[in-house]
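User: I am new to this structure and would like a close look at a single part, described carefully and then placed in its surroundings. Please take one turn and work outwards from there.

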Amino acid sequence: MRLRVIAVVGVVAVASSAVVVALASTSAAGLPPYTNGYQKWPKINKKPFTRCGPPCAHGGVKNVYASRKKVGAEYPNGTVIVKSIAQTGDRPSMPNQVAVMRKVAGRWKYIEYQLSGARYTVLGQGQFCQSCHARAKANDYVFTKR
Ligand code: HEC
């Protein structure tokens with residue numbers, strides 16, 4: 001009987017460590033794993049900026065990080081670009097909004113997150129973003145240039 005109890009405890013311990021591993025490999029508070037560590041990527045803006053547009057989309061203190069460099073005129077497949085949009089009082093590690101572009105098979109996918117409590121939830125995505133970014137087509141749909 002005693003042996004069986006130990007076995008059960010063992011299973012529970014394994015299960016809970018699996019949960020910890022799963023959380024660690026997903027990502028910070030609801031952001032997708034492909035954005036992990038973005039604040040250490042090279043910035044493509046010179047300094048944090050509050051200027052908005054034109055056309056204006058996101059108000060706040062902004063930084064733009066790119067996981068890869070342009071090759072010639074375009075960013076390579078797999079590039080992830082993150083714009084952090086902070087409001088006064090935000091923790092630096094958790095800006096109020098995080099807008100993301102990710103290049104998959106030659107096309108950008110767009111999604112933006114908003115902090116709600118301690119987690120990010122999806123604020124907007126897709127065609128709505130794409131239609132405005134079309135104005136930056138000459139720079140591979142990316143407005144910000146170094
Ligand atoms: C009305 C136009 C407009 C819309 C709509 C828009 N953006 Fe942007 N976006 C901009 C502009 C302009 C910039 C340049 C930085 C700035 O002014 O904030 C930018 C910057 C970005 C950047 C940094 C790379 C770059 O192009 O400079 C990302 C990432 C981004 N937007 C994602 C999104 C996502 C995701 C959405 C949809 C939820 C979205 N944007 C909707 C205009 C727009």
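Analyst: **A hairpin and its surroundings**

Strands S4 and S5 form a hairpin that has two residues between them, and in this turn Gly 117 shows a positive phi of about 70°. The model is a predicted one, and what follows should be read as a description of that prediction. S4 covers residues 107–116 and S5 covers residues 119–125, the two strands running antiparallel and being joined by six bridges. One of these pairings can be followed residue by residue, since Glu 112 has Gly 124 in S5 as its bridge partner.

On its other side, S4 takes part in a second hairpin. Eight bridges join S4 to S3, again in the antiparallel sense, and among the paired residues are Arg 102 and Lys 109, the latter lying in S4. This hairpin too has two residues between its strands, and here Ala 105 takes a positive phi near 50°. Ala 105 sits in the loop between S3 and S4, and its phi stands out in that Ala 105 is not a glycine. Most residues other than glycine have a negative phi, and most peptide bonds are trans. Ala 105 counts as exposed because it has 7 C-beta neighbours inside 10 Å, a count that falls under the limit of 12 or fewer used for exposed residues.

The two hairpins belong to one arrangement of strands. Five strands form an open sheet in the order S1-S2-S3-S4-S5, with antiparallel pairing. The edges of this sheet are S1 and S5, each of which pairs on one side only. On average, neighbouring strands in the sheet are turned by 20° against each other when direction is ignored. Strands of a sheet pair through backbone hydrogen bonds, either parallel or antiparallel. Towards the S1 edge, S1 and S2 pair antiparallel over six bridges, and Val 64 has Lys 83 in S2 as its bridge partner.

Along the sequence, the chain has two helices and five strands, which follow one another in the pattern α-β-β-β-β-β-α. The strands are thus preceded by one helix and followed by another. The later helix is H2, which spans residues 127–133 and includes Phe 128. Phe 128 lies 17 residues from Ile 111 in sequence, while the C-alpha atoms of the two are 9.9 Å apart in space. Phe 128 counts as exposed because it has 12 C-beta neighbours inside 10 Å. In the segment after H2 comes Asp 140, another residue other than glycine with a positive phi, near 60° in this case. Asp 140 is partly exposed, because 17 other C-beta atoms lie within 10 Å.

Both the sheet and H2 take part in the surroundings of the ligand. The ligand is surrounded by 25 residues, the closest being Ala 57, Cys 129, Cys 132, Phe 143 and Thr 144. Two or more residues of this shell come from each of strands S1, S2, S3, S4 and S5 and from H2, so the elements of the opening hairpin are among the contributors. H2 gives the most, with four residues. By residue type, the shell is made up of 16 nonpolar, six polar and three charged residues.

Between H1 and S1, the loop holds Pro 54 and Pro 55, and two cis peptide bonds are found here in succession. The bond from Gly 53 to Pro 54 is cis with omega near 0°, and the bond from Pro 54 to Pro 55 is cis with omega near -10°.

Finally, confidence varies along the chain, which should guide how closely each part is read. The average pLDDT is 86, and 82% of the residues score at least 70. Among the elements, S3, a partner of S4, has the highest mean pLDDT, 98, whereas helix H1, residues 2–25, has the lowest, 46. Over residues 5–26 the pLDDT is below 50, and this stretch makes two contacts in the model beyond near neighbours in sequence. Where pLDDT is low, the predicted coordinates should not be read in detail. For the chain as a whole, 23% of the 146 residues count as buried, and of the contacts between residues at least 6 apart in sequence, 38% join residues at least 24 apart.

How values were computed:
Residues numbered from 1 in each chain as written. Predicted model: local features only at pLDDT ≥ 70, side-chain atom pairs only at ≥ 80, totals over all residues. Buried ≥ 20, exposed ≤ 12 C-beta atoms within 10 Å, placed from the backbone. Near = placed C-beta within 6 Å. Nonpolar A, V, L, I, M, F, W, Y, C, P; charged D, E, K, R; others polar. Pairing = 2+ DSSP bridges. Axes fitted to C-alpha atoms, helices over the stretch in contact; angles between N-to-C directions. pLDDT = per-residue confidence, 0-100. Contact = placed C-beta atoms within 7 Å.
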